[in-house]
Structures are given as structure tokens and as C-alpha cells.
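User: Let's work through this entry turn by turn. Please keep the answers short.

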Amino acid sequence: MNKELEKSGESLSEIDGLEIRKNYSLSRLTSIGTGGRTKIYVSVARVGALKKAMKLIKGPFFILGSGTNLLISDRDFPGVIIHLGCGFRRLRLEGDRISCGAAVPLARLVKKAIENSFAGFEELSGVPGSAGGAAAMNAGTHIRELGDLVETLWMVDTKGRRRSFNSSAIQKKYRSSLAPVPGVITSLCFRRLPGSDPRRQAERAESLANGRKLKHPWRERTFGSTFKNPPGKIAAKLIDKAGLKGLHIGGARVSPVHAQFIENNQGASALDILELIKHVRQVVQERYGVLLEPEVRLVGFTAEELGDLAPYAISTIK
Ligand SMILES: Cc1cc2nc3c(=O)[nH]c(=O)nc-3n(C[C@H](O)[C@H](O)[C@H](O)COP(=O)(O)OP(=O)(O)OC[C@H]3O[C@@H](n4cnc5c(N)ncnc54)[C@H](O)[C@@H]3O)c2cc1C
């Protein structure tokens, strides 16, 4: 461990409300099942501790939600991984509003919202992950994204300051964070909108969830859609038309069920999966002149390993 990181680890261990683990394995924390160990893993119990931690962390850090949209390198991550714990799992109905901690599973939020006549949430039914991860990804479907529903977003920025942003200040870009500044999203607030019908919403949610089970390889280890849909096009169709379904590199394959999903079905390494992503991207560009942009977040690879994907990685190591 380098000196700076060691110092960060020592200072963090003095903060009440942080649980620190060293050399902590990440592979079982990601839905695709890859990831080496992180030098420092910090589980944060409450906002006060997070504010202090953010002031102290120097060097590479990364926020881990439920790990359903990540491809993490199998090499060790030379920095700090932050994970939100118990103090961020509160989900409360207060009159016309729901407030939701970032560590609440999105499915719990969706259920509560539908039960209480909050319109629009049914369209997010079946999207895995945490509410914080969903806000960091503006997760959703072609009909609805989480950003359409958020009234206020609270976060702690990289200087340890508590910030809040209302609906007009948050970013609402396709599969891009709602937070206008870097940092950790801590909670969200939603306001009940007119036009809800809980019975119809529940039916719609069930039909969407069932549809997903038919169309997606939900029994396999995946990270959901690999690529963003290019403007006016559907990435899955381009990959399918290029005949890439079922193609594999090492233990990774393009799902035969849905071309946007890559499955880790035979103990794939992170590099097998990365190579498959690059290959699919190259073939689609050669055949259709469309350069696909990854939706999955790439963490801990070197610039050399990433090649053309380097600009999209959220954390690159030397
Ligand atoms: C089977 C399957 C189906 C899927 N279907 C869909 C779908 O239909 N639509 C869709 O949009 N996505 C889908 N996904 C992808 C994924 O579920 C979403 O992107 C989800 O919102 C990610 O949440 P997470 O908690 O798992 O985040 P993670 O995967 O842990 O992290 C994703 C990103 O969010 C950041 N992040 C996480 N928490 C925070 C926080 N509190 N503050 C700041 N940044 C944070 C991370 O640093 C990372 O950059 C699917 C995934 C799977 C495995």
C-alpha cells in the first residue's frame, strides 16, 4: 500500500461510523462476478461520518452501490471503495412525499411508491440495484427514467460538504448521473404526482417484470445492458444483426437470449469480458458505422487494457 493511501486508511479508522476493511474482495459484490481486492473498503453508517471521510480520502476512490452495473478489473484496486450502510436504508412516506436513502433497494422504493399512488414508478419495476446507484445512472427504461421522478437529491461532495439539488438543478441525461457535481448521493425525495391509479400501476409493474424475465437472461451473471442505445437506434438490434449473439471470449459470451447482455457463464475474467465488449463494438462499427458507448461502468483497468474504451472508464489505474 502506498504511503498516502496508508495515511488515508489510518485517519479513516479514527472516524466513528466507518467500518474499514483492508484488502477486501470485490468479486462477490458485483452481479457479473469479477473484481480483485480493494486496498481499503469503507462501509459508512451515517452522513456525518461520510462528510469527514470525504475530506480525508486522497487518491482513487469509487462508490459501490449494489454492483449491478459494474465491470471491475480483477487486479487489486489501489484506492478506497465506499459503500453506504445502515444509516442510508431509510424509506419513509411523509404526506405527499417519499424520502429514500441511497442504499435502499430500488425495488423497495418502487413497491412503496406504487402502494402509495406515486405515478410513474411502475415503469422502473424490475430494474435491480440501489436507489443511489439508480440516481447515479439515471436508470430506467425507454419510457421512464428515475430523473423524471426525483424532486430533491442530497449528496456529499468530494470536499465533504452536504449539498442538495432540486429537480431543476439535477442533470437529466440518458444513463448519466443526476448529481451535478461529483460525490456520494445520500438520499432522494419524490413528490406524489397527479394521475396515479395504484391497481393499474401494480398490473403494469407485474407485466413489465414478467416481460423482463422472458426477454433477459436473468438467471445468468450479467451487468444489464452493456451499451447505451445510440440516438435513434437500438444497440441490441445492431449486435443481433451483426450475428454476435452467443459469441464468446474465454468464459464470457454475448447472451443468446438478449444481445445487449454479456454473461459470465464460465468463470470469465474481467479481461475476457472487456475484450468481448471491445470486439462487439468494433464489429458493429465496421458493419454499421455506429460506435457504441458503454453503459456499464468500467473500473480499475489500465489505459492499455481499455484501449478505445479509456475515455469511458470511471477510474483508470497506472
Ligand atoms: C439483470 C439486470 C437488468 C438490468 N436492467 C436495467 C434496466 O432495465 N435499466 C437500467 O437503467 N439499468 C438496468 N440494469 C443496470 C443496473 O441495475 C442499474 O444501472 C442500477 O441502477 C445500478 O445500481 P447499483 O446500485 O447496482 O449501482 P452500481 O452498479 O454499484 O454502480 C453503478 C454506478 O453508480 C455509482 N454509484 C452507486 N451508488 C452511488 C451513490 N450512492 N452515489 C454516487 N454514485 C453511486 C457507482 O460509482 C457506479 O458509477 C440492469 C442490471 C442487471 C444485472
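User: Which strand do five bridges join to β8 (residues 150-157)?

Analyst: Strands here are DSSP runs of E with at least two residues, helices are H or I runs of at least four, and numbering starts at the N terminus. Two strands pair if DSSP finds at least two bridges between them. Strand β8 runs antiparallel to its partner, and the strand joined to it by five bridges is β9.

User: What pLDDT do local features need here?

Analyst: Residues are numbered from 1 along each chain as its sequence is written. This is a predicted model: totals for chains, interfaces and linings use all residues, side-chain atom pairs count only at pLDDT 80 or more, and local features need pLDDT of at least 70.

User: Which residue of the hairpin of β8 and β9 takes a positive phi?

Analyst: W154 has S164 in β9 as its bridge partner. Four residues lie between the two strands of the hairpin. The positive phi, near 85 degrees, belongs to G160.

User: Which strands are at the edges of the five-strand open sheet?

Analyst: The order is β6-β7-β10-β8-β9, with antiparallel pairing. An edge strand pairs on one side only. That singles out β6 (91-94) and β9 (162-166).

User: What is the bridge partner of I98 in β10?

Analyst: Strand β7 (residues 97-101) and β10 run antiparallel, joined by five bridges. Opposite I98, the partner in β10 is F190.

User: What angle does α3 make with β6?

Analyst: Axes are lines fitted to C-alpha atoms, for helices over the stretch in contact, and angles between N-to-C directions run from 0 to 180 degrees. Residues are in contact if their C-beta atoms, placed from the backbone, lie within 7 Å. Helix α3 packs on the sheet and touches β6, β7 and β10. Its direction relative to β6 makes about 20 degrees.

User: Why is α3 called roughly antiparallel to α5?

Analyst: Angles under 35 degrees count as roughly parallel, over 145 as roughly antiparallel, 65 to 115 as roughly perpendicular and the rest as oblique. The axes of α3 (residues 106-115) and α5 (residues 198-215) come within 9 Å. They cross at roughly 150 degrees. That makes the pair roughly antiparallel.

User: Which residues of α5 does α3 meet?

Analyst: By class, Ala, Val, Leu, Ile, Met, Phe, Trp, Tyr, Cys and Pro count as nonpolar, Asp, Glu, Lys and Arg as charged, and the others, Gly among them, as polar. The contact has five nonpolar, one polar and one charged residues. V110, I114 and E115 are on the α3 side. Facing them in α5 are P198, Q201, A202 and A205.

User: Between which domains does the ligand lie?

Analyst: Domain bounds come from an automatic or database assignment. It gives domain 1 (3-87), domain 2 (90-200) and domain 3 (235-317). Two of them give residues to the shell around the ligand, so the ligand lies between domain 1 and domain 2.

User: Which element gives the largest share of the shell around the ligand?

Analyst: A residue is near a molecule or strand if its C-beta atom, placed from the backbone, lies within 6 Å of it. The ligand is surrounded by 33 residues, and the closest are G65, G129, G132, G133 and G224. Two or more residues each come from β3 (61-64), α4 (131-137) and β10 (183-191). The largest share, five residues, comes from α4.

User: How many charged residues does the ligand shell have?

Analyst: Its nonpolar residues number 17 and its polar residues 15. The charged count is one.

User: Which element supplies the largest share of the domain 1 side that touches domain 2?

Analyst: The C-alpha centres of the two domains lie 23 Å apart. Their contact takes 14 residues from domain 1 and 16 from domain 2. On the domain 1 side, α2 (47-56) and β5 (77-84) each supply at least two. The largest share, six residues, comes from α2.

User: Which helix packs on the sheet of β11, β12 and β13?

Analyst: This open sheet has the order β11-β12-β13 and antiparallel pairing. β11 (248-249) and β13 (262-264) have a single partner strand each, so one side of each lacks a neighbour in the sheet. V254 stands opposite I262 in β13. The helix, at about 30 degrees to β12, is α7.

How values were computed
Contact = placed C-beta atoms within 7 Å.
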